[in-house]
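Here's a quick walk through a fold, starting with the overall layout and ending with a few backbone oddities. Have the viewer open while you read.

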Amino acid sequence: MEKYLPLTESVFYILLALRKPNHGYGIIQEVKDLTKGRINMGAGTLYGAIQTLEGKGWIQVFSEETDSRKKKEYVITEEGKAVFISETNRLSELLDHSKLMNK
């Protein structure tokens, strides 16, 4: 898993937002909410990342509406969860080491 790390901040938050099924606009809103507006992801950035993450097998289509808009919901896969957990472990190690500055 380490070969996939570090994740970009956008990818980290997209994977987090897909811990439950979510569609594109929902992902954008959740990331914005989680970061208190610090990250305002554009549609182009999001859909480019979705395509990449789907190609890597880290996310998959959960459901797709059959109306004219064909809205898709995505969800994180087990492989995506493993990468996400590896990244959170890496970040936790960084935070632990940063505490050495206070000693």
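## Layout and packing

Going along the sequence, the chain follows the pattern α-β-α-α-β-β-α. That makes four helices and three strands, where helices (H or I, at least four residues) and strands (E, at least two) are DSSP runs, numbered from the N terminus. Keep in mind that this is a predicted model: local features need pLDDT of at least 70, side-chain atom pairs count only at pLDDT 80 or more, and totals for chains, interfaces and linings use all residues. On bookkeeping, residues are numbered from 1 along each chain as its sequence is written, and side-chain values use heavy atoms, with hydrogens and water left out.

The C-alpha trace spans about 60 × 30 × 20 Å along its principal axes. Of the chain's 103 residues, 33% count as buried; buried means under 20% relative accessible area, exposed over 50%, and partly exposed in between (1.4 Å probe, protein chains only). As for contacts (heavy atoms within 4.5 Å), 49% of those between residues at least 6 apart in sequence join residues at least 24 apart.

**The core.** In soluble globular proteins, nonpolar side chains tend to be buried together. Here the largest nonpolar core has 24 residues, and those with the most contacts inside it are Ile14, Leu15 and Ile27. A core in this sense is a set of buried Ala, Val, Leu, Ile, Met, Phe, Trp, Tyr and Cys residues joined through side-chain atoms within 4.5 Å. At least two core residues come from each of α1 (9-17), α2 (24-34), α3 (43-56), β3 (72-76) and α4 (78-98). The largest share, six residues, is supplied by α1.

Who does Ile14 touch? Leaving aside neighbours within four places in sequence, Ile14 is in contact with Ile27, Val31, Met41, Leu46, Ala49 and Leu53.

**α1 against α3.** Some of those partners turn up again where these two helices meet: Val11, Ile14 and Leu15 in α1 meet Leu46, Ala49 and Leu53 in α3. The residues of this contact divide into six nonpolar, no polar and no charged. For that split, Ala, Val, Leu, Ile, Met, Phe, Trp, Tyr, Cys and Pro count as nonpolar, Asp, Glu, Lys and Arg as charged, and the others, Gly among them, as polar.

The axes of α1 and α3 come within 11 Å and cross at roughly 75°. Axes are lines fitted to C-alpha atoms, for helices over the stretch in contact, with angles running from 0 to 180 degrees between N-to-C directions. The two helices are therefore roughly perpendicular to each other, a label that covers 65 to 115 degrees.

**α2.** The buried residues of this helix are Gly24, Gly26, Ile27, Ile28, Glu30 and Val31. What covers them includes α1, β1, α3 and β3.

**The sheet.** Three strands make an open sheet in the order β1-β3-β2, with antiparallel pairing. Two strands pair if DSSP finds at least two bridges between them. The edges are β1 (22-23) and β2 (59-64), each pairing on one side only. Two bridges join β1 to β3, while β2 and β3 pair over five bridges. In β3, His23 has Glu73 as its bridge partner, Glu64 has Lys72, and Ile59 stands opposite Ile76.

## Residues to click on

Here are three residues with their places and accessibilities.

| Residue | Place | Relative accessibility | Class |
|---|---|---|---|
| Ser10 | helix α1 | 22% | partly exposed |
| Lys36 | loop between α2 and α3 | 78% | exposed |
| Ala82 | helix α4 | 29% | partly exposed |

Two C-alpha separations go with these. Ser10 and Thr45 are 35 residues apart along the chain, with their C-alpha atoms separated by 8.6 Å. Ala82 and Asn22 are 60 residues apart along the chain, and 19 Å separates their C-alpha atoms.

Now the backbone. Most residues other than glycine have a negative phi, and most peptide bonds are trans. Which residue has a positive phi although it is not a glycine? That's Lys36, at about 50°, just after α2. There's also a cis peptide bond between Leu5 and Pro6, with omega about 0°; Pro6 sits in the segment before α1.

Terms used: Angles under 35 degrees count as roughly parallel, over 145 as roughly antiparallel, 65 to 115 as roughly perpendicular and the rest as oblique.
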